[in-house]
Amino acid sequence: MVEKASDARNFVVIGGGLAGLAAAVWLAEAGKQVTLLERRARLGGRTHAMRVPEVDDIPDNGQHVVASGYHSLWRYLDSVGTRQYVTFPGSGSLRWPGGRAVMLHTKGFRALRTLLGAHPDASALDRLRALRATLLLIQQALWQPRDLAGLTTDQWFRRVGMPAKAREALWDWLALGIAAEPVDRESAKVFADVLATGIRIGVRDRAAVTIGYPTVDLDTLFIRGAERVFERHGVDVRYRAVARRIIVTDGRATGVRLADGSVLAADAVICAVPNTNIGGLLDDLPEHPEIYAAADKLGVTPIVSTNLYLDRPLRTKSAMEALIGGTGVIDEVFDRQRMHGRTPHGTWLYCLTTSGAYEQIHRSNDEIVAEQLELLRRYYPEAAEARVVAGHVVKMPKATFSQVLGTDDLRPGQRTSVPNLVLAGDWTRTDWSATMESAAQSAERAVEALLRQED
Ligand SMILES: Cc1cc2nc3c(=O)[nH]c(=O)nc-3n(C[C@H](O)[C@H](O)[C@H](O)COP(=O)(O)OP(=O)(O)OC[C@H]3O[C@@H](n4cnc5c(N)ncnc54)[C@H](O)[C@@H]3O)c2cc1C
């Protein structure tokens with residue numbers, strides 16, 4: 001992007017997660033003077049790396065995967081110069097207890113087989129039924145029946161007649177990945193909307209949307225490059241700066257009151273905090289009761305990530321393996337050696353992610369490590385004698401906003417009734433569920449709204 005001479009007005013961005021980082025980077029690129037307020041001592045929000053001293057390693061707060069259709073995120077990575085650190089292997093694998101595993105291909109002709117049922121025991125009839133049900137899903141995602149908003153994803157799958165084996169080997173796993181909720185709680189409309197987004201992007205790009213992953217830690221991917229942009233453009237980043245209220249005077253945002261009582265003057269504000277932190281900030285905005293009520297109803301869903309450093313390799317078939325029939329929900333195992341191309345300190349790191357971890361979140365870290373090792377032992381023969389050199393558990397009770405039945409139309413747009421005050425964050429209305437792309441797309445729309453009203 002062409003750099004412009006900085007103007008003297010102050011654009012304040014509240015929140016240094018992905019949405020706030022992207023907003024600050026793009027405003028700075030557009031020649032604006034930017035102040036970024038972050039309540040913690042670090043940037044990155046829900047995407048960041050953490051040090052594990054026992055093995056001198058920096059795993060992430062949770063393994064993050066990306067979709068090739070994340071166009072706003074690509075724009076962000078281009079801006080901060082780290083796009084080369086994402087790769088799309090074109091395959092993953094499914095694993096059953098006892099070690100039986102099959103590959104899932106997401107590129108080319110072999111992707112069709114994945115779509116029609118990768119289950120090794122699927123019969124020809126199962127595959128035919130899967131084809132019919134898949135076509136129905138696609139049709140109903142694009143032209144949604146009126147009552148879809150009243151169904152869970154489980155009910156939708158039953159209605160289109162998706163065979164059990166196709167659900168086990170693909171659809172239930174995909175739905176959990178998209179909305180981080182078990183299919184009997186997840187809103188079918190949320191899943192259908194993301195499916196429709198993926199189909200539209202696939203048609204536009206003339207390539208099916210595939211799944212990939214970073215080859216570096218999340219700090220290197222998202223934060224270090226942003227810091228370089230901030231330095232280049234003189235963005236004022238304030239850590240441990242807790243915003244309490246956005247001040248609106250005569251229909252315009254004029255400042256931000258901080259927890260220490262000080263007021264920062266603002267000519268425009270992007271509020272990029274999660275739904276769980278919005279309370280109080282928008283009190284001066286006429287429509288704040290509706291936004292607060294929606295934020296409240298959107299609620300939270302927990303994710304537990306466990307980084308297990310083992311004394312031996314597990315012989316995975318791919319970097320991303322989905323364990324079928326795990327502890328109530330399906331677990332995912334990420335092989336960090338394959339992803340990052342290195343072995344940390346003579347150990348082998350396996351990152352396990354449990355989405356919709358409503359029960360696990362209440363267990364102690366030791367219990368979780370023991371439970372996850374037991375899980376690996378059921379699925380990987382090589383884990384039978386394995387020893388945990390270090391176990392690192394990250395509990396995120398507020399991992400994302402919830403996308404259960406009844407939440408599909410609650411998300412507020414980026415624009416507000418105050419023209420120079422806009423919202424951003426994964427929970428605001430975008431084409432995606434609670435994802436990094438939603439955060440980046442919300443920032444893109446928020447920045448666009450502010451810059452347009454400047455013209
Ligand atoms: C374990 C886990 C795994 C995930 N896996 C994936 C995945 O595989 N793929 C994917 O696409 N997405 C995934 N996600 C979702 C993704 O991480 C989030 O959607 C995204 O990071 C949200 O970014 P955000 O900027 O909207 O919010 P946040 O990252 O929460 O950023 C908000 C920031 O605002 C700050 N803040 C809050 N209140 C204030 C205040 N009053 N004043 C100042 N600062 C404030 C916070 O400290 C925070 O830094 C995952 C999330 C988790 C937790």
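## A tour from two helices to the ligand

Helices H6 and H7 are roughly perpendicular to each other. Keep in mind that this is a predicted model.

**Stop 1: the helix pair.** Select residues 164-179 for H6 and residues 188-205 for H7. Their axes come within 10 Å and cross at roughly 90°. Angles from 65 to 115 degrees count as roughly perpendicular, so the label fits.

Now show the side chains where the helices meet. On the H6 side, pick Trp171, Leu174, Ala175, Ile178 and Ala179. On the H7 side, pick Val190, Phe191, Val194 and Leu195. What classes of residue make up this contact of H6 with H7? It has nine nonpolar residues, with no polar and no charged ones.

**Stop 2: from Val190 to Asp409.** Stay on Val190, one of the H7 residues in that contact. Add Asp409 to the selection. The two are 219 residues apart along the chain, yet their C-alpha atoms are separated by 9.1 Å. Asp409 sits in a loop, with strand E17 (388-400) before it and strand E18 (421-423) after it. Is Asp409 buried or exposed? It is exposed: its relative accessible area is 63%, and the exposed class begins over 50%.

**Stop 3: the ligand.** Select the ligand and show its surroundings. How many residues surround the ligand? There are 34, and the closest are Glu38, Arg46, Val65, Tyr70 and Asp426.

Next, look at ligand oxygen atoms:

- Arg46: a polar side-chain atom lies 2.7 Å from a ligand oxygen.
- Ala19: a backbone N or O atom lies 2.9 Å from a ligand oxygen.
- Leu18: a polar backbone atom is 3.1 Å from a ligand oxygen.

Terms used. Residues are numbered from 1 along each chain as its sequence is written. This is a predicted model: local features need pLDDT of at least 70, side-chain atom pairs count only at pLDDT 80 or more; totals for chains, interfaces and linings use all residues. Side-chain values use heavy atoms; hydrogens and water are left out. Helices (H or I, at least four residues) and strands (E, at least two) are DSSP runs, numbered from the N terminus. Buried means under 20% relative accessible area, exposed over 50%, partly exposed in between (1.4 Å probe, protein chains only). Axes are lines fitted to C-alpha atoms, for helices over the stretch in contact, and angles run from 0 to 180 degrees between N-to-C directions. Angles under 35 degrees count as roughly parallel, over 145 as roughly antiparallel, 65 to 115 as roughly perpendicular and the rest as oblique. Contact means heavy atoms within 4.5 Å. Ala, Val, Leu, Ile, Met, Phe, Trp, Tyr, Cys and Pro count as nonpolar, Asp, Glu, Lys and Arg as charged, and the others, Gly among them, as polar. A residue is near a molecule or strand if one of its heavy atoms lies within 4 Å of it. A polar contact is a pair of N or O atoms within 3.5 Å; within protein, one must be able to donate a hydrogen and the other to accept it, and residues adjacent in sequence count only if both atoms are side-chain atoms.
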